[in-house]
Amino acid sequence: MFPEIDYLDWISGRPESASHDLGSSDLRRPLPDPDGVVPPELADLPAPPEDTDLEAIIADGYDVEPENVLVTAGATHANFLVVAAAINDTDENPNSDGDETAHHDPRVLVEKPGYEPLVATSEGLGATVDRFYRREEDDYALDPSRVSGATTDDTRCIVVTNRHNPSGNRAERETIADASSAAVENDAYLIVDEVYAPFCENADPSVFGGPTGAGLPNTVVTNSLTKFHGFGSVRIGWLVADAEFVSRAQSIMYHVPAVSGPAAALARRALYSDAQLAAESRERILENQELLAEFVAGRDDLTGTATAGCTYGFFEHESADGDEVSEAAWEEGILVVPGRFFDDKERFRLSLGHDGGTVKEGLEVFGSVLDEL
């Protein structure tokens, strides 16, 4: 039975009804009209040549072949397929020692603190979920030795986010490679959710900016148009892996087909004009990260790091836990996310996805809420 995802139940409808949205982590763009289909900022972009398919555009961005790409209905869909494919590898069971009757419950290793759906999806697919810590005292850095130490013979996949959700810590490719080695040693897969990877100060304006795990052994990366480009309504994501894994994930997707032709067409248009759109996103990231850093630095009652190049972070108030902060903010129409949805009830996640003027106004009101606490 699939468990309830408390965070998604809690967040549903709140961004739309909030007076000040400091909880949504994607870079918000205007939505289509109620009877419209095309997001306004895609309407006037040129269409790519007819012989350029979406898989080829994505493959070119990661310097892989189209056979290494599977287009999905967003990153959540991609993560579902990846975990399902990893724990249902029926081609061989390296842990069975030749005994065809041997049975091993699949185990999935997930970072902590972490994004609740990454745990719930694995549990819903029948896996036992283990956790490894990304420690607060290390600024939530990804430690490959902790990954290796928590991996067992029955671990089928290891799930991490990069940037880390909720802290914003970014692991470089060398660190990801070390984590992938731990997966290889245990015949497991490393899954890297990279929806926040482009949140950086990289001067190269690309949705594929930032470090990636694509191309590393036993590694699958997932991403989408939602966070960096702000086209969540298009509902297009992808996974990148070796061709055999992609084929297995494709077989599972036959059970849950969800990618529409119009959405894929809009995604082709967005990624074909990636440089233009990404430059606009990068400009907002730099502006809002500066606002976040200034806000946190000006408060003696908050602890936490406003990581360079990132518009969100994980913070603790000196006298109130995450729920108390979130509830007090919501009374004033401000949306911030309590840390209990990320394994730490003392903290809250603050995310600046809207334009700078809107964000600045929201932070001023939120500062007054914190003063009252």
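1. A good place to start is the sheet of seven strands, which is open and runs in the order S2-S8-S7-S6-S5-S3-S4 with mixed pairing. Strands here are DSSP runs of E with at least two residues, and helices are runs of H or I with at least four, each numbered from the N terminus. Two strands pair if DSSP finds at least two bridges between them. Strand S2 (69-72) and strand S4 (128-133) are the edges, each pairing on one side only. From one strand to the next, the twist averages 20°.

2. Before going further, please note that this is a predicted model, in which local features need pLDDT of at least 70 and side-chain atom pairs count only at pLDDT 80 or more, while totals for chains, interfaces and linings use all residues. Residues are numbered from 1 along each chain as its sequence is written, and side-chain values use heavy atoms, leaving out hydrogens and water.

3. Inside that sheet, look at strand S5 (residues 155-161) and strand S6 (residues 189-193), which pair in the parallel sense over five bridges. Thr161 stands opposite Asp193 in S6. Helix H7 (residues 173-185) packs on the sheet and touches S5, S6 and strand S7 (219-224); contact means heavy atoms within 4.5 Å. The direction of H7 makes about 145° with that of S6, on a scale from 0 to 180 degrees between N-to-C directions.

4. Another open sheet has four strands in the order S9-S10-S13-S12, with antiparallel pairing. Its edge strands, each pairing on one side only, are strand S9 (302-303) and strand S12 (337-338). S12 is joined to strand S13 (residues 347-351) by two bridges, and the two run antiparallel. In this pair, Pro338 stands opposite Phe348 in S13.

5. Now for a helix pair: how do helix H10 (residues 274-297) and helix H12 (residues 356-372) pack? Their axes are 10 Å apart, at an angle of about 15°. H10 and H12 are therefore roughly parallel to each other, a label for angles under 35 degrees. On the H10 side, the contact is made by Glu287, Asn288, Leu291 and Phe295; the H12 residues include Val359, Leu363 and Phe366.

6. Finally, the whole chain: the protein chain holds twelve helices and 13 strands. Its C-alpha atoms fill a box of roughly 65 × 50 × 35 Å along the principal axes. With 373 residues, a compact globule would have a radius of gyration near 21 Å, so the 20 Å of the protein chain agrees. That radius is taken over C-alpha atoms, and the globule rule is 2.2 Å times the number of residues to the power 0.38.

How values were computed:
Parallel < 35°, antiparallel > 145°, perpendicular 65-115°, else oblique.
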